[in-house]
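Please look over the sequence and the model shown below before reading on. The report afterwards takes up the parts of the fold in turn.

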Amino acid sequence: MEHLYFHIPWCKQKCGYCSFYSKLDFDFAEYYQTAQKKLKDFPNFAPLTVYLGGGTPSLLSLQELQALLALLDLQRCQELTIEGNPADISKEYACGLKEIGFNRVSLGLQSFLDEELKLLGRRSNSRETILAFEHLRAAGLQNISCDLMYGLPRQTLPELEKSLQGLLKLRPEHISAYLLTLDEGVAMYCQRGNLPIDSDLELFYKQIRKTLLKAGYQQYELSNFCLPGYESMHNMAYWQGKEYLALGEGGCSYYQEGQNYFRTDGFGGKEELTLQKRESEFIFLSLRLAQGLSLLKYSQKFGGDFGQKYKRILQKYENFLLINDQQVALLPKAYFVADEIMAEFVSV
């Protein structure tokens, strides 16, 4: 196991679209003690990547962040990421992140239009977004990721373009473009009738791809783009089916014990994964990547012939797939309908 995720569930307020686990009160001392105790079960753990996600990890003070990282052996760590809300990133905080050792920051921008940010319930505005980015750059951080959300209620293509152009002016190394979904129970659920129709969402997605590819970004995953060499190492570990440890109530670990694989959560839940479930997840995650599914890795993990087992589906979607003796990958024209195609593979 070479990857570690710290889930920091603390938020000042709940965004209107968010269905992830979070809470408004946070006891750092309790969190620290729990993490310290858990890490003792992994005495030789020296992660290659560490990711602090949330919640809002940027609500932690620099001293608290330093205390958490002091629990780890970071000699082998190549990528140390923290998610941040632009409203929290002052000049001093940005410099502190760099001094502590963070070499990657993921900013939750979502939009460059203040009216959209207000609708989403975000704490930051477009001015704070630009300032936060400038503070991180001035501090010497050269690997910054930015989130963009599309498919907002009544959103138009020109409005999406304004956010895209705002991103390109900053030119972050990495951009994640996520389609807004409104689960039942979130504050914005009442807005579901105002969401763009599927044909508009497809147009938005294609415009995002066209704009970012033209600007020199590479699409390496369905929702993720980067400048050459700036793929998220940590997230690639998830998509490639590697083992990882997660700490925190909303975190989920995946690891092997003996011949069996397990998934555990921060609430004490533990699930043994069947071979079929592992195979389904391997297919689903692999096909999210532009490089697709490696037939060699499939054979090594699960045995058998992928082409024979899934022959019917491969023939059905042959016009949407790149198929050769090494890989099966979605063609770009299939990206927007990827979930429909992948669902057939995992239902076999």
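What follows is a short description of this structure, arranged by topic.

## Confidence of the model

This is a predicted model, and the mean pLDDT of the protein is 93, with 100% of its residues reaching 70 or more. Confidence is highest in strand β8 (residues 224-226), at a mean of 98, and lowest in strand β10 (residues 252-257), where the mean is 86.

## The sheet of nine strands

An open sheet is formed by 9 strands, and following it across gives the order β7-β8-β6-β5-β4-β3-β2-β1-β9, with mixed pairing. The edges are held by β7 (218-221) and β9 (245-247), each of which has a single partner strand, so that one side of each is left without a neighbour in the sheet. From one strand to the next, the twist averages 20 degrees. At the β7 edge, β7 and β8 run antiparallel and are joined by 3 bridges, and within β8 the residue opposite Q219 is F225.

Further into the order, strand β5 (residues 144-150) pairs in the parallel sense with strand β4 (residues 104-110) over 4 bridges, and L107 stands opposite C146 of β5. The pairing of β5 with strand β6 (residues 174-179) is also in the parallel sense, over 6 bridges, and here H174 in β6 is the bridge partner of S145.

How much of β5 is buried? Of its 7 residues, 7 are buried, and this holds for both faces of the strand, with I144, C146, L148 and Y150 on one side and S145, D147 and M149 on the other. In a regular strand the side chains alternate between the two faces of the sheet. Helix α6 (residues 157-170) lies across β4, β5 and β6, and its direction makes about 175 degrees with that of β5.

## The sheet of three strands

Another open sheet has 3 strands in the order β10-β11-β12, with antiparallel pairing. Its edges are β10 and β12 (270-273), and since each has a single partner strand, one side of each is left without a neighbour in the sheet. The twist in this sheet averages 25 degrees from one strand to the next.

Between β10 and β11 there are 6 bridges, the two strands running antiparallel, and S253 has T264 in β11 as its bridge partner. These two strands form a hairpin with 2 residues between them, and in the turn G258 has a positive phi of about 65 degrees. Strand β11 (residues 260-265) is joined to β12 by 4 bridges, again with the strands antiparallel, and Y261 stands opposite L273 in β12. The hairpin of β11 and β12 has 4 residues between the strands, and G268 in its turn has a positive phi of about 95 degrees.

Which helix packs on this sheet? Helix α9 (residues 275-288) does, touching β10, β11 and β12, and its direction makes about 85 degrees with that of β12.

## Nonpolar cores

In soluble globular proteins, nonpolar side chains tend to be buried together. In this model the largest nonpolar core has 75 residues, and those with the most contacts inside it are F6, L107, L136, I208, F306 and F345. A second, separate core has 10 residues, among them Y17, C18, M149 and L152.

Leaving out residues up to four places away in sequence, F345 touches I283, L287, F306, Y310, I313, L314 and L321. L107, also listed among the residues with the most contacts in the largest core, is the residue that stands opposite C146 in β5.

## Two buried polar residues

N85 is placed in the loop between β3 (79-84) and α3 (91-100). Its relative accessible area is 6%, and because buried means under 20%, N85 counts as buried. A polar atom of the N85 side chain lies 2.9 Å from the backbone nitrogen of A87. Not counting residues up to four places away in sequence, N85 touches T56, S58, R122, R123 and S124.

S126 lies in helix α5 (residues 126-138). Is S126 buried or exposed? With a relative accessibility of 17%, S126 counts as buried, because the cut-off is under 20%. Apart from its neighbours within four places in sequence, S126 is in contact with F112, D114 and L117.

Notes: Residues are numbered from 1 along each chain as its sequence is written. This is a predicted model: local features need pLDDT of at least 70, side-chain atom pairs count only at pLDDT 80 or more; totals for chains, interfaces and linings use all residues. Side-chain values use heavy atoms; hydrogens and water are left out. pLDDT is the predictor's confidence in each residue, from 0 to 100. Buried means under 20% relative accessible area, exposed over 50%, partly exposed in between (1.4 Å probe, protein chains only). Contact means heavy atoms within 4.5 Å. A nonpolar core is a set of buried Ala, Val, Leu, Ile, Met, Phe, Trp, Tyr and Cys residues joined through side-chain atoms within 4.5 Å. A polar contact is a pair of N or O atoms within 3.5 Å; within protein, one must be able to donate a hydrogen and the other to accept it, and residues adjacent in sequence count only if both atoms are side-chain atoms. Two strands pair if DSSP finds at least two bridges between them. Axes are lines fitted to C-alpha atoms, for helices over the stretch in contact, and angles run from 0 to 180 degrees between N-to-C directions.
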